[in-house]
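Let's take a walk through this protein together, one region at a time. Please keep the viewer open as you read.

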Amino acid sequence: MTTAFITHSDCLGHEMGPTHPERPERLSAIKRHLRASGLMESLRCLDAPLADAADLKRIHSAEYVDLIFAHAPTEGYVQLDPDTLMNPYSLAAARRAAGAGVLAVEKVMAGHAANAFCSVRPCGHHAMRARPMGFCIFNNVAVAAAYALEKTKLTRVAIIDFDVHHGNGTEDVFSQPQWRDRVLMASFFQHPFYPGSGTQNPAPNMINVPLAAGSDGAAARRIAEEQWLPALEAFSPQLILISAGFDAHRDDLLGGLALLEEDYAWMTAELMKLASRHAAGRIISMLEGGYSLEALGSSVVAHVRTLAA
Ligand SMILES: [Zn+2]
């Protein structure tokens, strides 16, 4: 069985201005590094479909989804929040980014792929139930988790978020009482740091671990070993979703942590062991942050090489 690589050219059309760090070149860098590593030939490349409104409304308010669909500009930009804009391609890109996760769930559940990496943008984990935020329009990983829980036989899914920023949008969705028994979210994040959330009264299904600026891969691995893995083992997820942000890398200028490629490979391998015990190996990883093109490309290679091993 192979690893699926899911993306779409529409995700390259979304851009938020010439100096914005969340830029189309991120996806090109990932493809370039995967090709150069020789890994690309072993992956099953699939085009992400457009998520439909019903998929998005499982976790976003209907008013919010309708507003975004209606707001897409035909030229120029529409500003959604201080860091997030829509251009004429953004609605399609955001629907492809969310649709990638839906397709990944279908492929992995059908046994057509062992696991999947979704190389998509805009990223998703800051998008809240009724609000865009921090480069994110729709919460891609949350859409995938809700799809898995409501459209397949699965009753327990875990979300691991190793982006340098706290996944406040994902927490906003799955802290709601109707999801708490079915979703466990485990993350670490630089703190204090954008968006400032994560440490105040988290719901019982949230394993939120703040990390001081400058923390390295050893600190991250300790968190995974001592806090994430025991909680995941007890929860016994039937599917593991990863909010795979690579901006905790030492060379990333937006974050202040110091992870390296081997740390991403190690976390991936640990999650694969857990998935093989509880989830028939099912892992779906979705790109979040990562803004140094070199560090992003080489970190994704380390992550995907482990998934595809
Ligand atoms: Zn981030």
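What span should the 12 residues of helix H6 (residues 140-151) have at 1.5 Å a residue, and how far apart are its end C-alpha atoms? The expected span is 16 Å, and the end C-alpha atoms are 16 Å apart, which agrees. Keep in mind that you are looking at a predicted model.

Stay with H6 for a moment. Of its 12 residues, 10 are buried, so the helix is largely enclosed by the rest of the structure. The buried residues are Asn140, Val141, Ala142, Val143, Ala144, Ala145, Ala146, Tyr147, Ala148 and Leu149. In a general α-helix there are 3.6 residues a turn, so residues three or four places apart point the same way.

Now step back to the whole protein chain. Its secondary structure comes to 10 helices and 10 strands. Would you like a check on the overall packing? For 309 residues, a compact globule would have a radius of gyration near 19 Å, and the protein chain has 17 Å, which agrees. The C-alpha trace spans about 50 × 45 × 40 Å along its principal axes. Among the 309 residues, 61% count as buried. Of the contacts in the protein chain with a separation of 6 or more, 77% are between residues 24 or more positions apart. The chain exposes about 11300 Å², and carbon and sulfur atoms supply 52% of that area.

Next, find the zinc ion. Which residues supply its protein donors? They are Asp163, which appears twice through OD atoms, His165 through ND1, and Asp247 through an OD atom. These donors lie 2.0 to 2.8 Å from the zinc ion. In sequence, the donor residues follow the spacing D-x1-H-x81-D. His165 and Asp247 are 82 residues apart and link distant parts of the chain. You will find His165 in the loop between strand S6 (157-161) and helix H7 (168-174), while Asp247 sits in the loop between strand S9 (239-244) and helix H9 (261-278). Both His165 and Asp247 are buried.

What about the geometry of this site? The angles among the four donor atoms run from 52 to 152°, and the site is irregular. To count as tetrahedral, four donors need all angles between 85 and 135 degrees. For reference, the ideal angle for four tetrahedral donors at a metal is 109.5 degrees.

The backbone has a few details to look at too. The loop between strand S7 (183-190) and strand S8 (206-211) holds Pro192, and the peptide bond from His191 to Pro192 is cis, with omega near 0°. Pro195 is also found in the loop between S7 and S8. A cis peptide bond joins Tyr194 and Pro195, with omega about 0°.

Finally, look at two residues with positive phi. Phe135, in the loop between strand S5 (115-118) and H6, has a phi near 75°, although Phe135 is a residue other than glycine. Ala280, in the loop between H9 and strand S10 (283-287), has a positive phi of about 50° and is not a glycine either. Which of the terms buried or exposed fits Phe135? With a relative accessible area of 12%, Phe135 is buried, because the cut-off for buried is under 20%. Ala280 has 65% relative accessibility and counts as exposed, since exposed means over 50%.

Notes: Residues are numbered from 1 along each chain as its sequence is written. This is a predicted model: local features need pLDDT of at least 70, side-chain atom pairs count only at pLDDT 80 or more; totals for chains, interfaces and linings use all residues. Side-chain values use heavy atoms; hydrogens and water are left out. Donors are N, O and S atoms within 2.8 Å of the metal (3.2 Å for Na, K and Ca); water is not among the atoms, so sites may look incomplete. Four donors count as tetrahedral if all angles lie between 85 and 135 degrees; four count as square planar and six as octahedral if opposite donors are over 155 degrees apart and all others between 65 and 115; anything else is irregular. Helices (H or I, at least four residues) and strands (E, at least two) are DSSP runs, numbered from the N terminus. Buried means under 20% relative accessible area, exposed over 50%, partly exposed in between (1.4 Å probe, protein chains only). The radius of gyration is taken over C-alpha atoms; the globule rule is 2.2 Å times the number of residues to the power 0.38. Contact means heavy atoms within 4.5 Å. Accessible areas come from the Shrake-Rupley method with a 1.4 Å probe; for residues, only the protein chains shown count as cover. The expected span of a helix is 1.5 Å times one less than its number of residues.
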